[in-house]
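Biologist: I am new to this model and should be grateful for a close look at one part of it. Please describe that part in detail first, and then place it in its wider setting.

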Amino acid sequence: MKNTLDFGAVANRYASLLELCCSRRPPSYSLARTIHAHMIAYGFRARGHILNRLIDIYCKSSNITYARHLFEKIAEPDIVARTTLIAAYSAAGNLRLAREVFAGTPLSLRDTVFYNAMITGYSHNNDGHAAIELFRDMRREDFRPDNFTFTSVLGALALIADEEKQCQQIHGDVLKSGTGFVTSVLNALISAYVKCASSPLTSSSSLMGAAKKLFEEMPKRDELTWTTMITGYVRNDDLAAAREFLDGMTEKLGVAWNAMISGYVHRGFIQEALEMFRKMQLMGIQLDEFTYTSVLSACADAGLFKHGKQVHAYILRTEGRPVPEFMLSVNNALVTLYWKCGKVDEAREIFNKMSIRDIVSWNAILSAYVNACRIEEAKSFFKEMPERNLLTWTLMISGLSQNGFGEEGLKLFNQMRMEGFEPCDYAFAGAIISCAVLGALEHGRQLHAQLVQLGHDSSLSAGNALITMYARCGVVEGANCVFLTMPYVDSVSWNAMIAALGQHGHGLQAVELFEQMLKEDIIPDRITFLTVLSACSHAGLVKKGRQYFDSMCDFYAITPGEDHYARLIDLLCRAGKLSEAKEVIKSMPFEPGASIWEALLAGSRIHGNMELGIQAAEKLFELMPQHDGTYVLLSNMYATAGRWNDVAKVRKSMRDRGIKKEPGCSWVEVENKVHVFLVDDTVHPEVQAVYNYLEQLVLEMRKLGYVPDTKFVLHDMDYEHKESVLSTHSEKLAVVFGIMKLPLGATIRVFKNLRTCGDCHNAFKFMSKVVGREIVVRDGKRFHHFRNGECSCGNYW
DNA sequence: GTAGGGTTAG
């Protein structure tokens with residue numbers, strides 16, 4: 001065939017077919033790919049503009065890898081192919097690869113459109129500074145900016161928007177370039193001025209004045225001009241001016257109304273937004289997908305499920321012809337409405353029925369699962385996703401880390417970077433929380449350093465994550481340092497810092513910080529009260545705690561949940577006020593759940609109140625019969641009292657019900673590597689040396705009065721058959737390994753999945769004295785700082 | 001081959 005047909009004629013045919021696919025609305029990329037398959041099958045080698053077109057098609061249909069493959073087969077790709085690829089990489093949020101193509105293009109090949117694509121890439125990926133820098137480069141190299149260049153650069157400027165001078169400078173450039181009458185450029189310029197006006201660093205009125213002047217002097221205005229002005233007023237917190245502007249318009253432009261509605265939504269005026277929606281219906285103003293999405297998102301954010309459902313019904317009634325691309329954004333908004341109102345499965349049903357979906361649809365379902373803590377479904381959904389963007393990764397990483405999957409979170413963070421996505425501050429926050437979960441301090445510190453390098457150090461979410469990370473890795477001072485140097489803080493930051501102090505036994509300081517928070521007029525939320533109650537409990541501040549508990553309902557109108565009551569009961573029990581705790585349980589407005597009985601059981605154990613302990617344990621056996629912790633606590637209680645028969649009974653019932661104790665494991669980070677130890681570990685390669693060194697240490701410790709406490713051996717029931725003294729808990733091994741491997745004088749930081757045992761706790765006190773070092777142990781619940789023979793918890797945990 | 005506003009997402 002290829003010999004008999006004229007090559008040029010075939011090429012023209014293919015070219016026009018591809019053209020046809022792309023000019024369809026929506027473009028038919030799958031048909032285009034079929035045509036490509038045809039070319040391959042018939043041995044037609046695409047070149048020149050046909051190949052460029054194919055690269056464009058693969059880029060736009062989310063198959064950049066294949067587009068890249070085609071690109072790399074070209075010996076000398078022309079500027080069109082390069083521009084296409086840059087645009088595709090930036091649209092996919094992959095700046096690194098876009099920059100690679102850009103940098104690999106010799107100056108002699110470049111043109112204005114090529115620069116425009118890269119400038120847009122930076123701007124779209126929120127790097128306004130890089131975009132403007134490149135614009136200056138381009139001018140230095142004597143490329144002539146056109147109206148595309150200016151719209152992009154002005155978009156970038158609007159991102160930074162903190163200097164009046166820059167706006168005026170580029171305004172001057174526009175006038176010099178002769179594009180000063182082009183509506184699109186003027187729209188972008190107005191947008192830059194109004195965004196700049198909303199920055200706290202500039203004078204809002206003079207910049208809004210400049211925008212208004214531009215608006216009035218424009219030769220020709222379009223829909224965008226009006227909406228830009230309206231959103232401009234909204235951004236500058238002048239809703240009245242925006243409304244006045246809208247009401248002064250002679251034509252009834254739907255888009256302008258949409259802008260006003262979204263302005264109301266963003267400022268929290270939901271009723272006004274809904275009112276405008278109704279008015280539009282009455283006045284017969286054209287409603288479009290933006291009207292619907294705005295209103296739906298308003299309902300979603302305000303939790304107005306009924307209103308949202310009404311809008312849903314209205315759309316189904318009036319939009320008889322569900323054009324797929326029209327319905328795409330509306331469906332996305334509907335999916336969001338349903339999951340935000342707690343209807344995850346309904347959201348999934350809408351998603352399943354959608355005839356076309358985009359990355360937003362996929363991300364919406366992913367966030368639905370993540371937010372509902374349905375992490376297994378999120379994981380498998382993530383794997384199924386046909387494409388991923390920066391948000392996808394971020395959602396999944398933070399979902400994993402917040403659900404305790406630290407290792408998987410970090411793995412995904414690395415994978416994301418390997419695939420060329422530059423992590424934003426939210427992604428960093430997820431990775432940092434992963435480190436917090438793992439107790440990987442060195443790794444967390446490195447992420448902190450990278451954060452600073454990449455300029456994310458003023459980020460709120462990353463800062464809050466860092467506070468948590470340092471605290472959970474045992475470095476309270478680090479947490480405090482981040483807290484004090486953050487440029488802006490919110491209630492999450494305060495909560496994190498109060499929690500940090502509380503977990504480390506600095507109850508008084510936690511309470512002081514809470515008081516300071518109140519003084520600075522930050523309104524405490526339910527989380528704040530949880531942390532401050534825990535802090536009181538760890539520090540034994542019973543009176544304060546009760547006082548705060550009461551103020552929560554009386555002054556802040558927060559109804560205490562079961563979690564708050566559990567903290568209160570914990571507070572009373574630890575202080576030995578068991579009967580008072582029982583009173584509180586009786587007075588609760590709801591049936592006590594597991595967390596209440598757990599607090600009571602732990603309190604009874606500390607104070608040796610066997611009767612109450614048994615009572616609480618029985619309730620727990622009813623509520624969660626599979627939970628191993630109850631059996632362990634109860635048997636330890638019996639063991640302490642020497643009631644060996646009862647110990648055996650508990651053990652038997654555990655065996656009968658097929659319940660296995662979660663194996664204890666501890667880990668310590670040495671030179672950026674996490675070393676894990678199990679009870680009586682035989683797996684770690686250096687464990688023999690650890691046992692030898694431990695033996696030496698115990699000899700020294702005995703001289704100071706240490707006596708191994710054998711009753712705690714029952715803590716690990718699977719190993720009961722072993723001789724008590726021989727059984728070595730994982731935390732001891734990890735601490736000794738840390739002493740051996742960490743630099744002289746460095747604090748040993750060890751993490752354990754379960755609550756630490758009494759003998760280990762005692763041993764670490766002596767150990768800290770013998771080796772003259774600080775030992776920090778984080779167990780399932782809290783921190784112990786051992787220093788010079790004492791523990792920060794005051795033997796109270 | 002490249003853009004500017006309104007919407008959907010942490």
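Modeller: The buried residues of helix H13 are Thr-225, Trp-226, Thr-227, Thr-228, Met-229, Ile-230, Gly-232, Tyr-233 and Val-234. Buried here means under 20% relative accessible area, whereas exposed means over 50% and partly exposed lies in between, with a 1.4 Å probe and protein chains only. Helices are DSSP runs of H or I with at least four residues, strands are runs of E with at least two, and both are numbered from the N terminus. This is a predicted model, in which local features need pLDDT of at least 70 and side-chain atom pairs count only at pLDDT 80 or more, while totals for chains, interfaces and linings use all residues. Residues are numbered from 1 along each chain as its sequence is written, chains are lettered from A and ligands numbered from 1 in the order in which they are written, and side-chain values use heavy atoms, with hydrogens and water left out.

H13 covers residues 223-235, 13 in number, and its first and last C-alpha atoms are 18 Å apart, close to the expected 18 Å. That expectation is 1.5 Å times one less than the number of residues. Around the buried residues of H13 pack helix H11 (183-197), helix H12 (204-217), helix H14 (239-247) and helix H15 (254-266). At the N-terminal end, Asp-222 acts as a cap, with a side-chain oxygen 3.1 Å from the backbone nitrogen of Leu-224. Such a polar contact is a pair of N or O atoms within 3.5 Å; within protein, one must be able to donate a hydrogen and the other to accept it, and residues adjacent in sequence count only if both atoms are side-chain atoms. After H13 comes Asp-237, which has a positive phi near 60°.

H13 spans residues 223-235, and a polar side-chain atom of Arg-235 is 2.8 Å from a phosphate oxygen of DNA strand B. A phosphate oxygen of the strand is also found 3.4 Å from an N or O atom in the side chain of His-124. Thr-394 faces a base instead: an N or O atom of its side chain is 3.4 Å from a base nitrogen of DNA strand B. Altogether 47 residues surround the strand, and Ser-262, Phe-290, Ser-297, Thr-336 and Leu-391 come nearest. A residue is near a strand if one of its heavy atoms lies within 4 Å of it. This surface comprises 14 nonpolar, 24 polar and 9 charged residues. Nonpolar covers Ala, Val, Leu, Ile, Met, Phe, Trp, Tyr, Cys and Pro, charged covers Asp, Glu, Lys and Arg, and the others, Gly among them, are polar. Of the strand atoms within 4 Å of the protein, 44% belong to sugar or phosphate and the rest to bases.

Helix H37 may be set beside H13. H37 (residues 628-640) has 13 residues and reaches 19 Å from first to last C-alpha, close to the 18 Å expected. Because 10 of those 13 residues are buried, H37 is largely enclosed by the rest of the structure. Among the elements covering them are helix H35 (594-606), helix H36 (610-623) and helix H38 (644-656). Gly-642, which follows H37, has a positive phi near 75°.

Two single residues show buried positions in other helices. Phe-102 lies in helix H6 (residues 95-103) and has a relative accessible area of 8%, so Phe-102 is buried. Beyond neighbours within four places in sequence, Phe-102 is in contact, meaning heavy atoms within 4.5 Å, with Ile-86, Arg-110, Phe-114, Tyr-115, Met-118 and Leu-134. Asp-173 lies in helix H10 (residues 164-177) and is buried at 14% relative accessibility. With the same neighbours left aside, Asp-173 is in contact with Phe-135, Arg-139 and Phe-150.

As for the whole, chain A contains 41 helices and 6 strands, and its C-alpha atoms fill a box of roughly 95 × 65 × 50 Å along the principal axes. Of its 797 residues, 52% are buried. Among contacts in chain A with a separation of 6 or more, 64% join residues 24 or more positions apart. The chain has 0 disulfides, a disulfide being a pair of cysteine sulfur atoms within 2.5 Å.
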